[in-house]
Number of protein chains: 2
Amino acid sequence: MTKDDEAFHFLFNPRSVAVVGASENPLKMGHQCLLSLRESGSHRSIYPIHPRLKEILGIPAYPGLQYVPGEVDLAILAVPASETIFALKACQEKGVRGAIIITAGFREIEKPSGELLQKEMARIANQGRIKIIGPNTFGLVNVHAQLNASFTPVFSRLKPGSISVIGQSGGVSHLVAYQALNEGVGLSKVVGIGNRCNVDFADLLPFLEKDSETKCVILFIEGQDDPRGLITAVKKFASRKPIIAMKAGRYAESSKAARSHTGSLAGRYEIYEASLKQAGALVVQDPGELLDVAKILTMLRPPPGRNVAVMSFQAGPGILLTDAVVEHGLRMAVFSPATQEKLDKLLPPLTIRTNPVDIAFAQDEPVFEESLHIILQDENVDTLVIFLLHHPFMDLRRIVRPLLRQRMLSPKPILLGVNALQGSIAEEVAELERRGIPVYPLPDRAIRALKRLMQYGGSLRKG
Amino acid sequence: MTKDDEAFHFLFNPRSVAVVGASENPLKMGHQCLLSLRESGSHRSIYPIHPRLKEILGIPAYPGLQYVPGEVDLAILAVPASETIFALKACQEKGVRGAIIITAGFREIEKPSGELLQKEMARIANQGRIKIIGPNTFGLVNVHAQLNASFTPVFSRLKPGSISVIGQSGGVSHLVAYQALNEGVGLSKVVGIGNRCNVDFADLLPFLEKDSETKCVILFIEGQDDPRGLITAVKKFASRKPIIAMKAGRYAESSKAARSHTGSLAGRYEIYEASLKQAGALVVQDPGELLDVAKILTMLRPPPGRNVAVMSFQAGPGILLTDAVVEHGLRMAVFSPATQEKLDKLLPPLTIRTNPVDIAFAQDEPVFEESLHIILQDENVDTLVIFLLHHPFMDLRRIVRPLLRQRMLSPKPILLGVNALQGSIAEEVAELERRGIPVYPLPDRAIRALKRLMQYGGSLRKG
């Protein structure tokens, strides 16, 4: 283990955490951080630091880090900007391994004092070998370790998964994490790198590359001082695991704002995009796409070709899926004569039996399963996409077993689109996804994710 | 009232409804239709028709329509295809005003008998002046009248609103209605026209044009026998109320499927698109966009120009909004020097104070309200878009009052993007939308909807 690896290990797996600037006031960052820690796991020591209070949220408090009886692996700093240097020095004296500096008002502000303070902060941290996440961050979450070291208590409800997120924007990191919570997608680590005092994308990527709990990383980039360092790190990471990147500030109007927010040159969007792609990252432009793509990359291997078979339980969505397949540059598979003959025998003449296949009138499970089997066996088919509108007549529950059985019998990727009322099928979706069938709520989102999987595997360029 | 108007009036506002083919088996359409009717309102008579059973779901049943004691305004037919002609004749004899034929297996199937049966059905219906919705439909819903005459009981939970949906695909109509349920958007009427025996888009549009509960209509089109009739009806409707259209089957692969599903020529997509636009419809290609656009059109008047001010409580999403503004062809407003001076005085130098305006550090309500006021007064601003990530520190509840007050003081459209955990802010969103501020869950969706509003008002072409 390198020194950096060890430092990051403690940052993500601290045995004890202190909150400097803990507060009883729910509108203070230090209060929410304490709530997050308390709700995420009771297996580690939590030390609120407060000049006067004896306890906060029922947890014994200390007047300073030096009074904490045991070791402190991680300190979360939520004190006014003017007090951070003092607090960081106390961390150094206590032998703290890592720090999360929630406080804002440094490099990103207009006054030059912000930049100076941040430089001093970096100096002290480097001297004490302290890795700093932030300043100007919401914190970090390590779902597998049940560590929510952020000012957002609901992150304690995140499900463990294999997608990690590094965001330069707290807001966008929250967008992704809220989507994960709303759609039941598992995450591994979520890090808001904020002003990047001494930890940047390029520092975290080598750690996540070795992290067995991370299969895929999402980056949200605003601007970088050392874009080459970022690109080199992305290239190295991408040679081992998939990486999805989004860069904000695509136009003059937004790029100016990005620069002023991060205190870094935002840089020409086109150069970033080209370099990131060149380095092996998948570049997306819609924040809603980040998690969709990450999910498919952690669950499926790219198919060898771009021929897609579409099955639906309603003709209309089947036609929309077909539109989406063609629009995104994939191809509707042409079934072999043998497949077509079998389907024509199996399915009633009431439905569309070419590709797309409408199985609205073949609603008994054996016929559904047999259709699945026939289509998956066709060598002209690389991937199967199924769409179902969850309904008393087309209950997702009735097709879970046949789907999982056929999934076991074929190496071909199967994607499922299921439109349903919120929360009505969460369990079934979780089971399907655990067993390797990604589920998307809208036809277009499934096809868009599949396109990225093919892009990743190079199959879009093939026959 | 014309004869047609009267017939449609009874179809959407029946005093009594019979379900021919009612069943005790939950997997039968006739069972679900009965459930829907029972759950949507107890103020009208419901008559299950069943050859033997004395009651179904606790409702007294009759062996045939002729045994029903009172008048029957609407009959829902969920009998096998071979029995529909017989059932329709019984409707005619009973003096039924309108019929919904759920049964499939007519014109859309491969066998010529389907087409013949449907023609006979039309003949009988026209003779008896019965308007038929279907065959091959899920039915219809009139939310304001608490009528759920469909095979989907959850539609009884739809909120009343002013958006009506006419869909040629049951699946896509469900997509839109499920989205309305999930996002709390109100609907007026939802109609699945299915195979269009004697009621097509062109027949319903004049009725909805006069309907005071409908402000805006969504059409989902697969294929038409008489495209000119459709276009003429759209043109007439569009001269009075906004209309949003989506046509499936944009490519050869999907157009073939659409034709085989509906039994109609799908027609070249480009011709449909051009004619619909020419007739004054807004044409979209993403089913997820239909409701977003309808919502904004029912709530806001188009702004005179395309200059947008962006406020956000986090810099990252503000930058994404800016990207979206430019990408969609709108323009970031340049504040007047007076506005800029006021904002610079009001907001701390920690944030971006040009457009986009980041008010992360100005979290007290008076400062937020004052910023709103300053920006809305600027004559360089046509529309204001605000984004908030709902969070303990940026609680939507805290800005509802200031927002609504400023909304009262300015005629300029205000849109709100709020990302939140499912169900956490439903009440606040409902209140904001009742008072004329549409809310979208993602930055891009807000801007995309705004673009359509400007397209509708012609302001995209202006200054």
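This short report walks through the symmetry, the chain contact and the nonpolar core of a predicted model.

## How the two copies are related

Let's start with the overall arrangement. A turn of 180° with a shift of 0.0 Å along the axis lays chain B on chain A, and the RMSD is then 0.0 Å. The two copies are therefore related as by a two-fold rotation axis. If you would like to find that axis on the chain B side, look for B:Gln422: of the residues of chain B, its C-alpha comes closest to the axis, at 4.1 Å.

## Where the chains meet

The contact draws 58 residues from chain A and 59 residues from chain B. On the side of chain B that touches chain A, the elements giving two or more residues are α5 (170–183), α8 (252–262), α10 (287–299) and α11 (315–327) of chain B. Of these, α11(B) provides the largest share, with 9 residues. Sorted by class, this side of chain B holds 30 nonpolar, 20 polar and 9 charged residues.

How do the two surfaces compare? Of the interface residues of chain B, 98% are also interface residues in chain A, so the copies meet through the same surface.

## The nonpolar core

Now for the buried part of the model. The largest nonpolar core has 325 residues. Those with the most contacts inside this core come from both chains: A:Ala75, A:Ile76 and A:Val234, together with B:Val19, B:Ala75, B:Ile76 and B:Val234.

B:Ala75 is a good residue to click on. Leaving aside residues up to four places away in sequence, B:Ala75 touches B:Ala18, B:Val20, B:Leu65, B:Cys91, B:Val96 and B:Ala99.

Conventions
Residues are numbered from 1 along each chain as its sequence is written. Chains are lettered from A and ligands numbered from 1 in the order in which they are written. This is a predicted model: local features need pLDDT of at least 70, side-chain atom pairs count only at pLDDT 80 or more; totals for chains, interfaces and linings use all residues. A nonpolar core is a set of buried Ala, Val, Leu, Ile, Met, Phe, Trp, Tyr and Cys residues joined through C-beta atoms within 7 Å. A residue is buried if 20 or more other C-beta atoms lie within 10 Å of its own, exposed if 12 or fewer, and partly exposed in between; C-beta atoms are placed from the backbone. Two residues are in contact if their C-beta atoms, placed from the backbone, lie within 7 Å. Helices (H or I, at least four residues) and strands (E, at least two) are DSSP runs, numbered from the N terminus. Ala, Val, Leu, Ile, Met, Phe, Trp, Tyr, Cys and Pro count as nonpolar, Asp, Glu, Lys and Arg as charged, and the others, Gly among them, as polar. Copies are superposed by least squares on the C-alpha atoms of residues with pLDDT of at least 70 in both.
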